[in-house]
Amino acid sequence: MSHRSWSDRLRAAVSARGRLCVGIDPHPALLEAWELPRSADGLEVFAELCVEAFVGEVAIVKPQVAFFEAYGSAGYAVLERTVSVLRHAGTLVIADAKRGDIGTTMDAYAQAWIEPESPLSSDAVTVSPYLGFDSLNETVERAVRHHRGVFVLARTSNAEGATLQQATASDGRSVAQSIVDAAVVRNRVDRDTVGLVVGATRDHGLDLSDYVGPILAPGLGAQGATVADLADIFRDCRELVLPNSSRGVLAAGPSVTALRDAATRLRDEIEAGLA
Ligand SMILES: O=c1ccn([C@@H]2O[C@H](COP(=O)(O)O)[C@@H](O)[C@H]2O)c(=O)[nH]1
């Protein structure tokens with residue numbers, strides 16, 4: 001296991017292979033388009049083709065846990081193998097699990113996604129702060145101990161998120177802004193362990209001026225956001241923005257060459273657009 005901090009590992013990977021985070025989201029429609037069965041076997045081939053296409057080309061891969069969980073224990077076994085192969089090949093893995101619960105239960109989730117001995121051990125995990133930011137304390141502490149990252153949902157890419165995230169909290173800030181501010185405070189002691197999830201699909205309306213950690217920005221491609229949108233929305237904090245595209249790249253499959261070309265084209269477009 002590397003003893004470099006999550007922040008150092010992330011910065012090194014991004015400087016070597018760009019900011020793009022490609023998703024492995026085996027939607028049923030994609031399995032069908034790739035002429036694979038809707039089963040754990042189909043999932044396995046899908047994930048293997050993705051791994052072959054993306055390793056060495058992009059810095060970060062984000063498997064969407066839901067699409068593996070849909071196949072129960074067999075799906076989880078595929079996910080375990082996928083995470084392990086990616087990480088051994090030097091690709092950073094963000095497990096998009098979006099866990100959120102009371103602190104003691106969150107710690108069990110953290111054990112699954114962060115603890116080095118766990119079969120699902122990833123470089124970072126997505127979590128929900130909507131049971132209170134402090135419900136994530138144990139998770140963040142575990143991540144600090146093991147040099148992993150925690151990406152907290154702040155302003156998500158979907159339109160429905162606005163009702164909750166744009167609501168005004170009792171102190172006058174938006175709920176999303178209060179999450180950003182809590183992340184700023186946390187990162188002062190925890191060396192940028194806390195990342196934010198801020199969608200690329202719309203102007204987030206957040207004050208990110210004090211925030212220096214990474215921002216996972218989903219919404220590119222299938223959800224309509226473009227590289228020009230990214231450059232505009234994240235104009236003040238481009239360095240550590242990690243744009244995510246899943247279906248936009250996966251639509252090029254099942255050819256490994258075509259998947260790789262789609263990913264590297266987008267990677268290069270992002271680097272040029274956010275330079
Ligand atoms: O605000 C959010 C948070 C997470 N996601 C996830 O990212 C990918 C996006 O997939 P696309 O195919 O590129 O639309 C997916 O796994 C979502 O669950 C998000 O979209 N928005």
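The legends below accompany close-up views of a predicted model.

**View 1. Helix H1 and the strands against which its buried residues pack.** Helix H1 runs over residues 6–17 and has 12 residues, and the distance from its first C-alpha to its last is 16 Å, close to the 16 Å expected at 1.5 Å a residue. Trp-6, Ser-7, Arg-9, Leu-10, Val-14 and Arg-17 are the buried residues in this helix. Because these residues cover an arc of only 165° around the axis, they are on the same side of H1. Ser-15 and Ala-16, on the other side of the helix, are exposed. The buried residues of H1 pack against three elements, namely strand E3 (92–99), strand E4 (124–127) and strand E5 (149–155). Gly-18 follows H1, and the phi of this glycine is positive, near 85°.

**View 2. Strand E2 and its pairing with strands E1 and E3.** Strand E2 comprises residues 60–63 and is covered on both faces, with Ile-60 and Lys-62 buried on one side and Val-61 and Pro-63 buried on the other. Strand E1 (residues 21–24) pairs with E2 in the parallel sense, over four bridges, and within this pairing Val-22 has Val-61 of E2 as its bridge partner. The pairing of E2 with E3 is likewise parallel and runs over two bridges; here the bridge partner of Val-61 is Val-93, a residue of E3.

**View 3. Lys-98, a residue of strand E3.** UniProt, in an unreviewed entry, lists Lys-98 for "active site", and in the model this lysine lies in strand E3. Lys-98 counts as partly exposed because it has 16 C-beta neighbours inside 10 Å, a number that falls between the limit of 12 or fewer for an exposed residue and that of 20 or more for a buried one. When neighbours within four places in sequence are left aside, Lys-98 is in contact with Thr-126, Val-127, Ser-128 and Leu-153. The backbone of Lys-98 can also be inspected in this view, where its phi is near 45°, a positive value in a residue other than glycine.

**View 4. Ala-47 in helix H3 and its surroundings.** Helix H3 spans residues 40–54 and contains Ala-47, which counts as buried because it has 23 C-beta neighbours inside 10 Å. Apart from its neighbours within four places in sequence, Ala-47 is in contact with Ile-24, Pro-26, Val-78 and Thr-82. Leu-31 may be shown for reference, since Ala-47 and Leu-31 are 16 residues apart in sequence and 10 Å apart in space, taken from C-alpha to C-alpha.

**View 5. His-147 in the loop between helix H7 and strand E5.** The loop that holds His-147 lies between helix H7 (137–145) and E5. His-147 counts as buried because it has 20 C-beta neighbours inside 10 Å, and 20 or more is the number required for a buried residue. The phi of His-147 is near 60°, which is a positive value in a residue other than glycine.

**View 6. The cis peptide bond between Gly-253 and Pro-254.** The peptide bond leading from Gly-253 to Pro-254 is cis in the model, and its omega is near 10°. Pro-254 belongs to the loop between helix H11 (247–250) and helix H12 (256–273).

Key: Residues are numbered from 1 along each chain as its sequence is written. This is a predicted model: local features need pLDDT of at least 70, side-chain atom pairs count only at pLDDT 80 or more; totals for chains, interfaces and linings use all residues. The expected span of a helix is 1.5 Å times one less than its number of residues. The arc is that of the directions from the helix axis to the C-beta atoms. Two residues are in contact if their C-beta atoms, placed from the backbone, lie within 7 Å. Two strands pair if DSSP finds at least two bridges between them. UniProt positions are given in the numbering used here, feature names are shortened, and annotations may be inferred rather than shown by experiment.
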